[in-house]
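Here are my notes on the model you sent round. Please read them with the viewer open.

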Amino acid sequence: MALRYALKNDFNYAWLVNNDTVVDPEALPEMVKRLQEKPKAGICGSVLMNYERPERMCALGGIYDRWFGQALSLEGDKLYDPKKFDRYQKLERKIDYVVGASMLVSRQFLEEIGLMSEDYFLFFEEIDWIVRAKGKYTLALAPKSLVYHKCSVSVRKKEAEGEKQPNHCGALFNYYITRNRLIFTRKYYPYALPIVYLSILGYIIDRLRIGDRVNSKIIWETAFGKG
């Protein structure tokens, strides 16, 4: 893992950035600046922009609902307005996580909290990391750090390897998002499991309602076993 290699060498920060992104030249300097301004923060996130609609944001951090096991990105699909930097910066106080497609982590954070969990493979890694650091480190946002994200390209690529008609909400997505919701909830919020299971049942019913039997089956088998 790259972070293990990095820990063996002299550095102050490590930048985790998806391979399905295009970064603005000021993206990294702005994150470094923000972490230097906020020494109690261990991770800083960028503004994720929509690569296909570059005037719009994909996410500016997010909040997590432990009861339903769902993450909600903030400012999704809204126009990015440079005049609103102050308002964007204030979201830093509200977020539960920064989106893993672009985040800068300090060496001190890595040494104290450790590496990302390898339990998940897709989804929930960054939320797990941040929950482990709760009470020790805060989060930061750099509203001038712009990273253009080709949303779900990695998932669609993997779907294409096994499906004739891939889409980002296909088998791979539904398997890992269901599996990891349950892994994460069992690990940190086991008291919320009954409601998370009910939420999954509701999603299965919704899939059946639109005739998506394939993904309904995948979600059912992932959550409740093959029987």
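The points below go from overall form to single residues.

1. **Status and make-up.** This is a predicted model. The chain contains 9 helices and 8 strands.

2. **Overall form.** The chain has 227 residues, and a compact globule of that length would have a radius of gyration near 17 Å. The chain comes out at 18 Å, which agrees. Along the principal axes, the C-alpha atoms fill a box of roughly 50 × 35 × 35 Å.

3. **Burial and surface.** Of the 227 residues, 45% count as buried. The exposed area of the chain is about 12600 Å². Carbon and sulfur atoms supply 54% of that area.

4. **Contact range.** Take the contacts in the chain with a separation of 6 or more. Residues 24 or more positions apart account for 69% of them.

5. **Largest nonpolar core.** This core has 45 residues. Those with the most contacts inside it are Ile43, Val105, Phe109, Leu110 and Trp129. Several elements give two or more residues to this core: the helices α1 (2-7), α4 (107-113) and α5, and the strands β1 (13-17), β3, β4 (57-59), β7 and β8 (138-149). Apart from it lies another core, of 8 residues, among them Val32, Cys44, Leu104 and Ala140.

6. **Ile43 in detail.** What does Ile43 touch, leaving aside its neighbours within four places in sequence? Its contacts include Val105, Phe109 and Trp129, which are also listed among the residues with the most contacts inside the largest core. Ile43 is in contact with Leu104 and Ala140 as well, and both of these belong to the core of 8 residues. The remaining partners of Ile43 are Leu35, Val98, Met103, Ile130, Thr138 and Leu139.

7. **Salt bridges: a link across the sequence.** The count comes to 13 salt bridges. One of them pairs Lys38 with Glu92, with the closest N and O atoms 3.0 Å apart. Lys38 lies in the loop between α2 (27-37) and β3 (41-50), and Glu92 in the loop between α3 (85-90) and β7 (102-106), so the pair ties together parts that are 54 residues apart in sequence. Glu92 is buried, at 9% relative accessibility.

8. **Salt bridges: within a helix.** Arg132 and Asp128 form a salt bridge, their closest N and O atoms being 3.5 Å apart. The two sit 4 residues apart in helix α5 (residues 125-132), so about one helical turn separates them. Asp128 is buried, at 0% relative accessibility, whereas Arg132 is partly exposed, at 26%. Elsewhere, salt bridges that share partners join Arg34, Glu37, Lys38 and Glu92 into one network.

9. **Salt bridges: a buried acid with a partly exposed base.** Glu75 and Lys78 meet through their side chains in a salt bridge, at 3.8 Å from N to O. Is each partner buried or partly exposed? Glu75 is buried, with a relative accessible area of 9%. Lys78 is partly exposed, at 43% relative accessibility.

10. **Cysteines.** How many disulfides does the structure hold? The number is 0. Why is Cys44 without a bond to Cys58? The sulfur of Cys58 is the closest cysteine sulfur to that of Cys44, but the distance is 17 Å, too far for a bond. A disulfide would need the sulfur atoms within 2.5 Å. Cys44 is buried, with a relative accessible area of 0%. Cys58 is buried too, at 18%.

11. **Arg207.** Where is Arg207 placed? Its place is in helix α8 (residues 193-209). Arg207 is buried, with a relative accessible area of 16%. Setting aside neighbours within four places in sequence, Arg207 is in contact with Asp212, Ser216 and Ile219.

12. **Ile177.** Helix α7 (residues 171-188) holds Ile177. Not counting residues up to four places away in sequence, Ile177 touches Phe123 and Phe124. Ile177 and Thr222 are 45 residues apart along the chain, and their C-alpha atoms are separated by 9.7 Å.

Definitions and conventions:
Residues numbered from 1 in each chain as written. Predicted model: local features only at pLDDT ≥ 70, side-chain atom pairs only at ≥ 80, totals over all residues. Heavy atoms only, no water. Salt bridge = Lys/Arg side-chain N within 4 Å of Asp/Glu carboxyl O. Buried < 20%, exposed > 50% of the residue type's maximum accessible area, 1.4 Å probe, protein only. Core = buried A, V, L, I, M, F, W, Y, C linked by side-chain atoms within 4.5 Å. Contact = heavy atoms within 4.5 Å. Rg over C-alpha atoms; globule rule 2.2 N^0.38 Å. Areas by Shrake-Rupley, 256 points an atom, 1.4 Å probe, with all protein chains shown as cover.
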